[in-house]
Amino acid sequence: MLRFPRIRALSKPISGPDMPEVELASRPAAGPSTRPLLRVDGLQGWYGESHVLHGVSFEVGEGEVVTLLGRNGAGKTTTLKAIMGILSRRSGSVTYEGRETIKLPSRLIAQMGIAYCPEERAIFSSLSVEENLMLPPQVRPGGLTVEQIFELFPNLKERLSSQGTKLSGGEQQMLAIGRILRTGAKLLLLDEPTEGLAPVIVQQIGRTIARLKDEGFTIVLVEQNFHFAALVADRHYVVEQGRVIDTIPNHELDANIDKLHAYLGV
Amino acid sequence: TDVKIGVLNDRSGIYADIAGEGSVIAAQMAVEDFKATDKGINVSIVSADHQNKPDVGSNIARQWYDTENVDVIADVPTSSVALAVNEITKEKNKIFLASGPASSDLTGKACSPNTVHWTYDTWALANGTGSAMVAQGGDSWFFVTADYAFGHALERDTTAVVEASGGKVLGAVRHPFPGQDFSSFLLQAQGSGAKVVGLANAGGDTINAVKQASEFGITQGGQALAALLMFINDVHALGLEVAQGLVLTSAFYWDKNDQTREFSARFQERNAGQKPSMIEAGVYASVLHYLKAVEAVGDKDAAKVMAKMKEMPTEDPLFGKGTIRADGRKLHDMYLFRVKKPDQSKAPWDYFETVATIPADKAFRPLAEGGCSLVK
Amino acid sequence: MSSGAILEAAGLTKEFGGFVAVNNVNLTVERGSVHALIGPNGAGKTTLFNLLTKFLQPTRGAIRYQGRDITKMQPADIARLGLVRSFQISAVFPHMTALENVRIALQRRRGDSFDFWRSEKVLSKFDGEGAALLADVGLTAFSDIRASDLSYGRKRALEIATTLALNPEMLLLDEPMAGMAQEDIERISALIRRISKNRTILMVEHNLSVVASLSNRITVLARGKVLAEGDYAAVSKDPRVIEAYIGAGHA
Amino acid sequence: MFELLGIPPQVLFGQLLLGLINGSFYAVLSLGLAVIFGLLNIINFTHGAQYMLGAFGAWMLLNYLGVGYWWAVFIVPPIVGVTGIVLERVLIRRLYHLDHLYGLLLTFGLALIIVGFFRQFFGVSGLPYPPPPLLNGGYNLGFMYLPNSRAWVIVASLIVCLATWFIIEKTRLGAYLRAATENPTMVGAFGINVPLLVTLTYGFGVALAGFAGVLAAPIYAVNPNMGADLIIVVFAVVVIGGMGSILGSILTGFGLGLIEGLTRVFYPEGSAVVIFVIMALVLLVKPAGLFGRSV
Amino acid sequence: MTTDTNPIAMAAITSVGAAGMPRHHLAIFAALFVFLVAAPFLLYPIFVMKVLCFALFACAFNLLLGFGGLLSFGHAAYFGMASYVSAHAAKVWGLTPELAIIAGTLVAAVLGLAIGSLAIRRHGIYFAMVTLAFAQMIYFFSLQAAFTGGEDGIQAVPRGHLFGLIDLRSSEVLYFFVLAIFFAGILLIYRIIHSPFGQVLKAIRENEPRAISLGYRVNRYKLAVFVLSATLAGVAGATKAIVFQLASLTDVYWTMSGEVVLMTLLGGMGTVFGPIVGAAVIVTMQNYLATFGDWVTIGQGIIFVVAVLSFREGIVGVLAKWIRKPL
Ligand SMILES: Nc1ncnc2c1ncn2[C@@H]1O[C@H](COP(=O)(O)OP(=O)(O)OP(=O)(O)O)[C@@H](O)[C@H]1O
Ligand SMILES: Nc1ncnc2c1ncn2[C@@H]1O[C@H](COP(=O)(O)OP(=O)(O)OP(=O)(O)O)[C@@H](O)[C@H]1O
Ligand SMILES: CC(C)C[C@H](N)C(=O)O
Ligand SMILES: [Mg+2]
Ligand SMILES: [Mg+2]
């Protein structure tokens with residue numbers, strides 16, 4: 001067996017003066033403890049002819065952080081895209097703040113206050129870093145200020161005038177997260193935000209998520225690294241073959257760890 | 001007898017207004033006026049667009065002769081295409097009634113027993129306009145020449161005339177064909193100090209060049225403009241304001257006599273209000289003459305009909321009396337016209353005043369000078 | 001195990017406009033080792049890779065591979081010397097099947113790829129070898145699937161199989177585990193360990209557990225410069241590395 | 001007489017000035033093409049036809065409605081732009097997700113149709129468009145006579161070019177446009193109305209072509225074929241400048257006008273090919289054109 | 001922004017039949033052969049020869065675009081130059097037709113080598129533009145050089161005697177000579193596509209950096225396919241000059257480069273048989289609609305618009321999708 005020092009280190013509950021917020025994340029919850037902000041019900045999705053989502057259902061309460069866990073190709077990214085309205089063929093029901101959005105174009109969904117940070121980052125090469133950062137229009141008040149974003153991701157500040165795609169892979173990830181924090185969207189859909197990031201940054205993002213949660217943001221997180229997920233989420237939904245097959249509240253994670261390992265094939 | 005005439009010309013390019021649909025109408029009118037059916041000759045007319053490209057033109061000509069039993073091809077503006085059709089017609093032993101093309105080579109080194117060159121040629125244009133301008137004191141020239149076979153020929157023939165009349169050529173500039181912006185060539189012409197700026201081009205090129213010459217004040221500056229090949233349709237497009245005063249050589253003008261007026265009125269009705277150009281007039285006259293020859297021979301065999309055409313004097317309402325020479329050159333009077341001032345023009349299309357008439361025996365290159373192999 | 005340096009870079013520098021992405025880096029990779037290159041995002045790891053494989057031209061510095069100066073060579077020629085890289089963003093031939101992907105690499109080794117007058121049937125002689133390589137990375141069941149239809153993890157596996165098909169002396173892997181699920185990580189780790197037996201590997205990787213378990217030597221890059229070098233134990237205790245890269249969480 | 005390279009300086013300066021005027025047309029046309037290519041990834045082969053539409057628009061306003069040149073300068077470009085918007089909405093829209101070859105083919109086909117109809121109904125000899133009184137006459141600059149109509153072309157196109165450049169490179173709207181080129185889905189997911197943006201952009205690019213057409217009407221004959229061969233030259237200008245680079249296409253437009261002007265003095269026959277020689281040289285030395293971002 | 005990888009060029013090879021090609025390909029080749037042998041007795045032979053020349057030209061072009069992933073916008077240069085040289089060789093030097101064609105082809109190959117080695121260093125649209133630029137220079141040369149006859153072209157080229165023996169003046173005899181050239185050409189192209197070399201091309205088209213990292217010197221492969229394509233385009237142009245007894249500026253003008261793109265796309269780029277169909281459709285249209293003046297232009301425009309909007313894989317591409325087999 002391989003040794004995974006990082007995983008061991010991270011799976012201990014971390015506390016300490018530098019990461020106080022993380023503890024907040026571990027609040028127990030079985031279903032949404034608050035009124036559901038987002039409700040996905042029987043969501044179906046297709047890429048052309050291939051049917052990828054077969055009835056995804058889950059709920060996220062206001063101010064919660066939930067994760068979608070699952071193997072490669074389970075349909076996690078597709079679920080986020082369907083919620084965001086950028087999967088061209090979808091059916092079922094997605095309600096946000098009680099409003100049905102399944103038929104709306106993505107721009108109206110965005111204007112309701114949902115923001116998406118894609119797996120492949122989608123940094124614009126014809127825009128400078130600064131323009132990339134400032135691109136998404138503010139949809140609501142209450143987003144982070146540019147200064148707060150630079151505090152989180154100091155790399156960005158140094159490279160403001162570079163071409164967006166000249167940033168390193170990790171820096172691009174920071175930029176992709178940073179730019180949606182400005183918009184004031186209340187529901188953030190983050191697709192593998194820690195992929196390819198240095199551990200320091202991963203921790204920073206962990207702190208950021210906790211802080212965002214504190215400030216009332218609601219987050220749907222897709223993660224491969226469930227040890228990271230465990231630190232920040234209230235609840236985990238396990239996705240397999242286009243369905244949610246299990247729900248594990250974070251506080252029951254330790255008890256269910258073997259089951260989860262089996263799901264994820266660890 | 002069944003006769004099939006193919007009108008081959010430019011139906012979409014820069015010469016389409018001079019020799020396009022109008023030529024087909026002219027050919028039809030010739031057939032109607034000749035009352036062919038009454039005389040037992042069944043005439044059908046086909047037409048096609050050669051796009052001013054030799055390959056397209058020769059392709060169509062060959063196909064017409066091979067598969068559609070076309071007996072005679074008429075018109076073919078654009079010298080390069082005409083030369084190709086000339087070759088194929090000879091090879092297939094049919095008849096070519098060239099009205100559109102300008103190159104005097106058709107009755108010179110490329111002459112063919114199967115071809116009649118009807119309306120005009122570069123030699124006649126050079127002779128008409130060139131000598132007239134020199135005679136008026138325009139004894140130093142600068143050419144603005146379309147950079148292709150026709151432009152070169154026109155420049156060459158005009159240079160010869162100018163020099164023979166005692167003038168001299170100060171220079172020439174060749175513009176890409178077709179051109180849009182002539183200002184820089186005109187500026188060079190202006191800079192040369194020549195008394196006459198000769199435009200050795202045609203159609204849209206001439207129109208643009210004349211227009212821009214007026215914009216840059218060439219004529220106001222004291223230089224004269226000689227559009228060596230200009231059609232009434234070009235004048236129509238330019239408007240008299242700009243075109244006034246231009247001197248041009250032509251074989252035909254609609255307002256010459258009652259017969260031409262009568263024909264032109266009928267033609268205008270069928271051709272979207274446009275008066276006939278000299279090429280269209282030539283198509284009418286050449287088809288008419290061909291049909292007469294067919295009637296006279298009672299057969300459509302090319303050699304016999306051709307012999308008859310050359311033997312019989314020509315007579316038609318548009319060009320009057322004339323003859324066809326051994327080298328295939330049709331002879332008739334040519335005219336030197338001047339474009340009227342706007343206030344002189346009394347009616348639509350009232351554009352030209354006659355400056356001189358060049359008699360048929362002076363209008364064209366003497367038979368001996370062409371180098372045609374049919375002339376012994 | 002080690003028998004001297006296989007790859008050496010001396011004073012390697014790359015500037016983009018005014019920005020120095022790689023700054024005077026000296027790097028020695030021992031023959032037969034698994035050498036990891038880690039460092040914060042934007043440290044210059046990918047750029048360094050690009051320099052070593054000549055996808056970028058260094059501003060200054062020299063590179064020697066097996067004692068030979070390759071600073072002036074073309075990327076394809078470097079691959080032909082047995083120094084082969086993978087990409088940070090998955091790189092397969094999307095409209096070809098998994099087997100065809102591997103065959104492309106096998107075919108290059110055979111060296112008659114200009115034969116435009118022969119039937120491609122001659123390529124079927126590689127099928128056995130190709131299948132074996134696919135089996136190594138657990139893709140046997142997918143050999144007739146087009147690469148574009150494979151999941152991300154499997155694409156990475158295919159990419160490694162393709163690279164191995166060249167039977168390279170030395171591999172440069174840029175974040176081979178990025179975006180992989182746990183099961184794939186374990187499989188690929190095992191694979192890398194196995195193939196490292198008679199090869200040299202230089203890899204960029206953010207997954208520290210993978211780095212720790214696989215590599216004999218680690219170079220830490222930060223802001224274009226070498227910050228520290230040593231084995232995992234030494235490097236992970238280096239306070240500068242903790243500050244710049246690993247973070248307090250790993251204390 | 002004092003001469004420069006065998007040419008009297010008067011003639012040389014005159015030619016340079018003419019080159020600049022020509023360059024103005026290149027600049028405005030290539031700017032429109034660059035805007036459309038840069039932002040929509042469509043190689044708009046209809047551009048030449050739309051330039052022609054601009055000239056015809058002015059001609060029709062004058063002849064059918066009696067509306068003069070100065071009104072046409074403001075009315076025609078939006079009208080041409082609207083025809084572009086219709087094309088975009090109905091046809092071009094369907095091709096964005098495809099290789100730009102298809103956009104080229106479609107717009108090429110559209111150009112054939114438009115030009116074909118105009119040839120059918122207006123012939124090809126060209127129609128006269130008298131310049132307005134204000135543009136008649138000109139100034140004697142000593143080395144040449146500069147018609148007002150041409151001086152106006154330089155001024156008008158400079159203004160339009162600079163304004164466009166500013167909007168695209170320096171404003172927020174411009175940033176949306178550039179981002180939407182690369183990844184319209186993501187920009188839409190930020191809450192921006194990308195389809196509208198794209199339609200307006202196409203309309204704007206086309207309006208620029210229409211504007212050039214209006215400028216051309218009093219100078220050249222109004223002719224259905226006037227854009228046909230120009231398109232390939234203008235396209236070369238865009239490429240030399242660097243595809244999608246706004247500033248590049250403007251500067252290159254003026255620059256190549258000048259170079260072409262010089263060629264007309266020293267080697268007139270070559271003036272049609274010089275742009276291509278330059279294009280080959282530039283692309284061999286600078287892979288993405290003079291001002292292009294290397295990929 | 002790159003045209004290097006095209007979405008629809010995916011001539012994946014399936015079920016290989018006995019003769020080394022899939023059975024349905026074999027069947028199509030056979031049917032095509034039978035039809036073409038019968039064609040001169042049913043149709044105007046010169047017309048069919050024109051189709052064959054353009055079909056070969058389009059296939060040669062498609063080799064570069066559909067299978068090499070390189071969009072050349074200057075293929076008229078090789079087609080037209082070969083046509084001039086072969087016309088000149090037959091008319092002025094008095095070479096026999098097969099030698100004249102070889103001469104034209106060689107010039108196209110050399111030209112392809114010269115231009116290709118410069119152009120392949122650029123990508124996508126810039127590659128297309130470099131090829132266009134050189135083609136425009138070739139056009140300019142053809143316009144100015146004395147031997148091409150400028151606007152008039154080289155006219156009255158003798159068809160001559162094949163191998164000095166067989167008189168080609170009869171269009172029927174000439175036809176079978178052209179048919180042989182055509183078949184040799186497309187079979188060669190077929191083989192190139194389905195060769196080890198073809199596989200490498202495909203890999204390069206799909207992911208060039210990866211191919212480099214595997215040790216392929218991609219520029220050599222691109223150059224090789226460029227030269228092959230130019231050479232075959234030359235064969236087509238040289239043959240055309242003999243058939244029509246004419247070489248003219250049309251064949252070197254940029255619109256000819258555009259036309260071959262249209263033929264290929266209309267028929268189906270990246271398919272084996274598409275360019276043949278595309279060439280046949282376009283040549284037929286130009287041939288039989290020539291009497292309709294501007295309405296031809298309008299009609300052509302409408303066809304392109306409809307084709308792009310509703311069957312953009314091209315005619316054959318759409319058929320291939322229906323029967324789910326590469327064609
Ligand atoms: N653009 C596409 N076209 C066709 N199929 C796709 C496309 N994108 C994804 N798929 C398929 O849809 C399924 C779900 O993919 P999805 O990207 O949602 O998975 P995921 O759970 O996010 O996986 P990963 O962890 O690898 O990101 C997979 O089988 C994948 O192959
Ligand atoms: N072509 C380029 N032009 C300008 N700057 C560049 C270019 N390529 C990389 N950079 C810059 O060089 C730095 C190093 O980038 P590099 O991709 O090598 O980082 P990395 O160490 O691989 O990071 P990551 O772990 O995030 O992939 C970054 O700041 C990046 O912005
Ligand atoms: C004016 C045209 C109808 C004739 C053309 N210029 C020729 O080449 O002969
Ligand atoms: Mg995913
Ligand atoms: Mg990297």
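In this predicted model, a backbone N or O atom of C:Ala43 lies 3.2 Å from an oxygen atom of ligand 2, a polar contact in the sense used here (a pair of N or O atoms within 3.5 Å; within protein, one must be able to donate a hydrogen and the other to accept it, and residues adjacent in sequence count only if both atoms are side-chain atoms). Two threonines of chain C add side-chain partners: a polar side-chain atom of C:Thr46 is 2.6 Å from an oxygen atom of ligand 2, and an N or O atom in the side chain of C:Thr47 is 2.5 Å from an oxygen atom of ligand 2. On its own, ligand 2 has 640 Å² of accessible area, and the protein covers 89% of this; accessible areas come from the Shrake-Rupley method with a 1.4 Å probe, and for residues only the protein chains shown count as cover.

Ligand 2 is surrounded by 20 residues, the closest being A:Lys166, A:Gly170, C:Lys45, C:Thr46 and C:Thr47, where a residue counts as near a molecule or strand if one of its heavy atoms lies within 4 Å of it. The site is shared between chains because residues from chains A and C surround ligand 2. At least two residues of this shell come from each of helix H8 (169-181) of chain A, strand E2 (19-30) of chain C and helix H1 (45-52) of chain C; helices (H or I, at least four residues) and strands (E, at least two) are DSSP runs numbered from the N terminus. By class, the shell around ligand 2 holds five nonpolar, ten polar and five charged residues, with Ala, Val, Leu, Ile, Met, Phe, Trp, Tyr, Cys and Pro taken as nonpolar, Asp, Glu, Lys and Arg as charged, and the others, Gly among them, as polar.

Residues are numbered from 1 along each chain as its sequence is written, while chains are lettered from A and ligands numbered from 1 in the order in which they are written. As the model is predicted, local features need pLDDT of at least 70 and side-chain atom pairs count only at pLDDT 80 or more, whereas totals for chains, interfaces and linings use all residues; side-chain values use heavy atoms, with hydrogens and water left out.

Ligand 1 also lies between chains A and C. Its shell has 14 residues, with A:Gly73, A:Thr77, A:Thr78, A:Glu119 and A:Gln224 the closest. Helix H3 (residues 76-84) of chain A gives the most to this shell, three residues, and the shell divides into four nonpolar, six polar and four charged residues. Oxygen atoms of ligand 1 find partners 3.2 Å away in a polar backbone atom of A:Ala74, 2.9 Å away in an N or O atom in the side chain of A:Lys76, and 2.4 Å away in a polar side-chain atom of A:Thr78. The protein buries 67% of the 640 Å² that ligand 1 exposes when taken alone.

For ligand 3, the 14 surrounding residues have B:Tyr15, B:Thr78, B:Ser79, B:Ala102 and B:Phe150 as the closest. A nitrogen atom of ligand 3 is 3.3 Å from a polar side-chain atom of B:Tyr15. Oxygen partners are a polar side-chain atom of B:Ser79 at 2.7 Å and a polar backbone atom of B:Ala102 at 2.9 Å. Ligand 3 exposes 280 Å² when taken alone, and the protein buries 100% of that.

Turning to the chains themselves, the contact (heavy atoms within 4.5 Å) between chains D and E takes 45 residues from chain D and 41 residues from chain E. The buried area, meaning the accessible area (1.4 Å probe) that two parts lose on being put together, summed over both, is about 4000 Å² for this pair, with carbon and sulfur atoms giving 78%. Three residue pairs are in polar contact between chain D and chain E (both at pLDDT 80 or more). On the chain D side, H4(D) gives the largest share, 14 residues, and the classes are 31 nonpolar, nine polar and five charged residues.

Chain B gives 24 residues and chain E 22 residues to their contact. About 1900 Å² is buried between chain B and chain E, 47% of it from carbon and sulfur atoms. B:Asn59, B:Arg62 and B:Gln63 lose the most area to chain E within chain B, together 27% of what that side buries. Seven residue pairs are in polar contact between chain B and chain E (both at pLDDT 80 or more).
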